[in-house]
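Here is a short report on one structure. Please look over the sequence and the model before reading on.

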2 protein chains.
Amino acid sequence: MTERPDSPRSRRERPAKPALSREGIVAAAVELLRAEGLRKVTMRRLAQELDTGPASLYVYVRNTDELHAAVLDELLGTVGPAPREGSWRDRLEQVLTAYTMMLFEHPTLARAALTARPSGPNYLNLIETLLALLDEGGVPPAQAAWGVDMLLQLATAQAAEHSEQDASPTHQDDWDALVGALRNASPRTHPHIAATVGVLLSGPPRARMSWAFQTLINGIERTAVPE
Amino acid sequence: MTERPDSPRSRRERPAKPALSREGIVAAAVELLRAEGLRKVTMRRLAQELDTGPASLYVYVRNTDELHAAVLDELLGTVGPAPREGSWRDRLEQVLTAYTMMLFEHPTLARAALTARPSGPNYLNLIETLLALLDEGGVPPAQAAWGVDMLLQLATAQAAEHSEQDASPTHQDDWDALVGALRNASPRTHPHIAATVGVLLSGPPRARMSWAFQTLINGIERTAVPE
DNA sequence: ACCTGAACACCGTTCAAGT
DNA sequence: ACCTGAACACCGTTCAAGT
């Protein structure tokens, strides 16, 4: 299951030397992300892809983090608007799930998103959608406002953590080590772990994700913001 | 406000060439983290600190991620046991806050913790403590089990995101850009953002963190796990 | 003004060769 | 067996110099 670059030049036939521009750079970065993953979206590699030296990119992009944030906002456009059917709760979960799924495909991007917050139009639209749904559900505006932050954080963290894509051997080993440690926990020193280890590790990821969103929504509904 | 290595050899006088061992390596990594931050905890730099070549470390540590996970578990020992005073809710929040604060000092480590889960004894103890407190609060075991995962995820994500330490100019600029974008959101296209922008950005970080923990605890208390 | 070659100061990881 | 020098294949970012 190795990665295919798909085709080094897609979209158009790439004229000999397209003029540099921020949009062009970001577009090339997205293309590169799709083809080879974020780990390859480096200044040097991107410059190579654009037939120039790395220094040239710094005219349009402050640094690597900013580049990644721009890529994220671009991908956010993929998520699409809220569905029209179902309860506000279901629709809220659907939007969050769609956002999470998009990030699942690019775990490294999710990790970046946790720190470098995007501020592009697509991110704003997402926030607006979430606020509107919470409002529709009768959640007081203050709780909705603080809650949106948590919902996005949860979605991002889920993606950064559980990403199935990231089947790197190390990741798997870490997980196995944790599972082993939990299973072997002594009932004497760690009674609660021993008693609950079955549930601790149970449930398909989808079910846990759904439960997580509902749990957080329930909390947001019921927890007043300090005045 | 530049970083001081404090003193290249601390603790003991460092004999000419201490024998390599996993513990020695991890200890040196923690020392290096404290002195210069996780960004400097690289295989090469660590090897240099230990007077050897980078290849030698690979005998004891699988790779950089595993090294970071080991460092995290080591720091977890710092967090200490649950307090004895106060309601289970307060104590739960205190433990989570202590954990978060520890991670706040090392944002990069928090980011790493999101993916490379530790499985050392200190991590197990933390899980046990959280389970015990939820149990004391009468939260059904299944909800507590899934909830612990979320609580740790939230704490980690908070640290990775809001870390005040990470006052890197880029981070600040990103944030300013987002604030600007929210403030300028048109009431026509983004009515909910426009109406709520005050609260969206309000509140001291501590208050928001506390609210976030309480919100999640409330949700966990009230949301049944699918059978 | 805009662009970039070349350099600086780093990385992780592997492996053949040494002790 | 255990250890490691040296190499491979990369990084981000800066800046003096060119057009």
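## Two buried residues and a DNA strand

In this predicted model, B:H106 touches B:L33 and B:L75, leaving out residues up to four places away in sequence. B:H106 sits in a loop of chain B, between helix 5 (88-104) and helix 6 (107-115). Is B:H106 buried or exposed? The relative accessible area of B:H106 is 15%. Buried means under 20%, so B:H106 counts as buried.

**A glutamine in chain A**

Next comes A:Q143. This residue belongs to helix 8 of chain A, which covers residues 141-162. A:Q143 has a relative accessible area of 9%. That value also falls under the 20% limit, so A:Q143 is buried.

Which residues does A:Q143 contact, apart from its neighbours within four places in sequence? In chain A they are A:I220, A:E221, A:R222, A:T223, A:A224 and A:V225. Chain B supplies B:W211. With A:I220 there is also a polar pair: a polar side-chain atom of A:Q143 lies 2.7 Å from the backbone oxygen of A:I220.

One distance concerns A:Q143 and A:A157. These two are 14 residues apart along the chain. Their C-alpha atoms are separated by 21 Å.

**The surface near DNA strand C**

Now turn to the DNA. There are 17 residues around DNA strand C. Those that come nearest are A:A55, A:S56, A:Y60, B:R44 and B:Y58. Of the atoms of DNA strand C within 4 Å of the protein, 54% belong to sugar and phosphate.

Side chains of chain B reach phosphate oxygens of DNA strand C at these distances:

| Residue | Distance from its polar (N or O) side-chain atom to a phosphate oxygen of DNA strand C |
|---|---|
| B:T42 | 3.3 Å |
| B:Y58 | 2.9 Å |
| B:T64 | 3.2 Å |

Which elements give two or more residues to the surface near DNA strand C? Chain A offers helix 3 (54-57). Chain B offers helix 2 (43-49) and helix 3 (54-57). Helix 2 of chain B gives the most, with three residues.

How do the residues of this surface divide by type? Eight are nonpolar, five are polar and four are charged.

**In brief**

B:H106 and A:Q143 are both buried, at 15% and 9%. A:Q143 of chain A has a contact in chain B, B:W211. At the DNA, B:Y58 is one of the residues that come nearest to strand C, and a polar atom of its side chain lies 2.9 Å from a phosphate oxygen.

Terms used:
Residues are numbered from 1 along each chain as its sequence is written. Chains are lettered from A and ligands numbered from 1 in the order in which they are written. This is a predicted model: local features need pLDDT of at least 70, side-chain atom pairs count only at pLDDT 80 or more; totals for chains, interfaces and linings use all residues. Side-chain values use heavy atoms; hydrogens and water are left out. A residue is near a molecule or strand if one of its heavy atoms lies within 4 Å of it. A polar contact is a pair of N or O atoms within 3.5 Å; within protein, one must be able to donate a hydrogen and the other to accept it, and residues adjacent in sequence count only if both atoms are side-chain atoms. Helices (H or I, at least four residues) and strands (E, at least two) are DSSP runs, numbered from the N terminus. Ala, Val, Leu, Ile, Met, Phe, Trp, Tyr, Cys and Pro count as nonpolar, Asp, Glu, Lys and Arg as charged, and the others, Gly among them, as polar. Buried means under 20% relative accessible area, exposed over 50%, partly exposed in between (1.4 Å probe, protein chains only). Contact means heavy atoms within 4.5 Å.
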